Amino acid sequence: MKDVVKIGIIICDRYRNCAGGKCFRSLRKKEGAFSIYGDKEIEVVGYTTCGGCPGGNIEYAPEEMKKNGVEVIHFATGLVVGYPPCPYIDYFKKYIEEKFGIKVVIGTHPVPQKYYTMHEKLGTWKDRGWEERLKYVICDEKIRKEYD
Ligand code: SF4
């Protein structure tokens, strides 16, 4: 029997109407941040938004996901590609890991090329720390274009 990893996804509330198309496609294709699971099956046990700035739902959603056995919480790629990216992302990650003991991975689907181009122009990701935050989702141009 295949190993199953239970994950939760938290999206940025500015994309609250998103139906999760890119996240679920990349999950199925094991692209972007979901490539880390290799042959394992992925079961989504929770999907919600941060609750809107400054992210009130970060305090509660992990507990609910924990009841469903969540092992890893992914912050959707929207948190890093938004204009501006979420300013609380590192704090949220640390908080969830410390408070709930749940691993947090930044990112879900590959960064769409249009966001990559704009953030390159803006110099958004030049500051220290962005290489690490983007490491699973920056991907190559071919894949980024598939998520435009
Ligand atoms: S920028 Fe951050 S705190 Fe604000 S809505 Fe998006 S994820 Fe939530």
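When I say two residues are in contact, I mean that their C-beta atoms, placed from the backbone, lie within 7 Å. The model is predicted, and I will start with V137. Leaving out neighbours within four places in sequence, V137 is in contact with G32, A33, T77, V80, G107, H109, P110 and V111.

V137 also belongs to the largest nonpolar core, which has 31 residues. Together with I10 and A76, V137 is among the residues with the most contacts inside that core. Which elements each supply at least two of its residues? They are β1 (4-11), α1 (21-29), α2 (61-67), β3 (72-75), α3, α4 and α5. The largest share comes from β1, with four residues.

One of the contacts of V137 is H109, so let me take that next, citing its count: H109 is buried, with 29 other C-beta atoms within 10 Å. H109 sits in the loop between β4 (103-106) and α5. Again leaving out neighbours within four places, the contacts of H109 are K22, C23, R25, S26, E31, G32, T77, V137 and Y147. S35 is 74 residues from H109 along the chain, and their C-alpha atoms are 9.7 Å apart.

Now helix α5, residues 113-122. Y115, Y116 and H119 are buried there. Viewed down the axis of α5, the buried residues fall within an arc of 100°, so they line one face of the helix. E120 and K121, on the other side of α5, are exposed. The cover over the buried residues includes α3 (78-81) and α7 (141-146). Just after α5 comes G123, with a positive phi of about 75°.

Helix α4, residues 89-100, has twelve residues. From first C-alpha to last α4 reaches 16 Å, close to the 16 Å expected at 1.5 Å a residue. Here too a glycine follows: G101, just after α4, has a positive phi of about 70°.

On to the backbone. Most residues other than glycine have a negative phi, and most peptide bonds are trans. Which residues other than glycine have a positive phi here? K30 is one, with phi near 55°, and C139 is another, with phi near 50°. K30 lies in the loop between α1 and β2, and with 15 C-beta neighbours inside 10 Å it counts as partly exposed. C139 is in the loop between α6 (130-133) and α7, and is buried, with 23 other C-beta atoms within 10 Å.

There are cis peptide bonds to point out as well. The bond from C53 to P54 is cis, with omega near 5°, and P54 is in the loop between β2 (41-49) and α2. The bond joining Y83 and P84 is also cis, with omega about 0°; P84 is in the loop between α3 and α4.

C53 and P54 bring us to the ligand, since both are among the residues around it. The others are C12, D13, R14, C50, G52, G55, L79, C86 and Y88. By type, this shell divides into seven nonpolar, two polar and two charged residues.

Last, V4, in strand β1. Buried or partly exposed? V4 counts as partly exposed, with 13 C-beta neighbours inside 10 Å. Not counting residues up to four places away, V4 touches K40, E41 and E43. D39 is 35 residues from V4 in sequence, and the two are 9.3 Å apart, C-alpha to C-alpha.

Methods:
Residues are numbered from 1 along each chain as its sequence is written. This is a predicted model: local features need pLDDT of at least 70, side-chain atom pairs count only at pLDDT 80 or more; totals for chains, interfaces and linings use all residues. A residue is near a molecule or strand if its C-beta atom, placed from the backbone, lies within 6 Å of it. Ala, Val, Leu, Ile, Met, Phe, Trp, Tyr, Cys and Pro count as nonpolar, Asp, Glu, Lys and Arg as charged, and the others, Gly among them, as polar. A residue is buried if 20 or more other C-beta atoms lie within 10 Å of its own, exposed if 12 or fewer, and partly exposed in between; C-beta atoms are placed from the backbone. The arc is that of the directions from the helix axis to the C-beta atoms. The expected span of a helix is 1.5 Å times one less than its number of residues. A nonpolar core is a set of buried Ala, Val, Leu, Ile, Met, Phe, Trp, Tyr and Cys residues joined through C-beta atoms within 7 Å.
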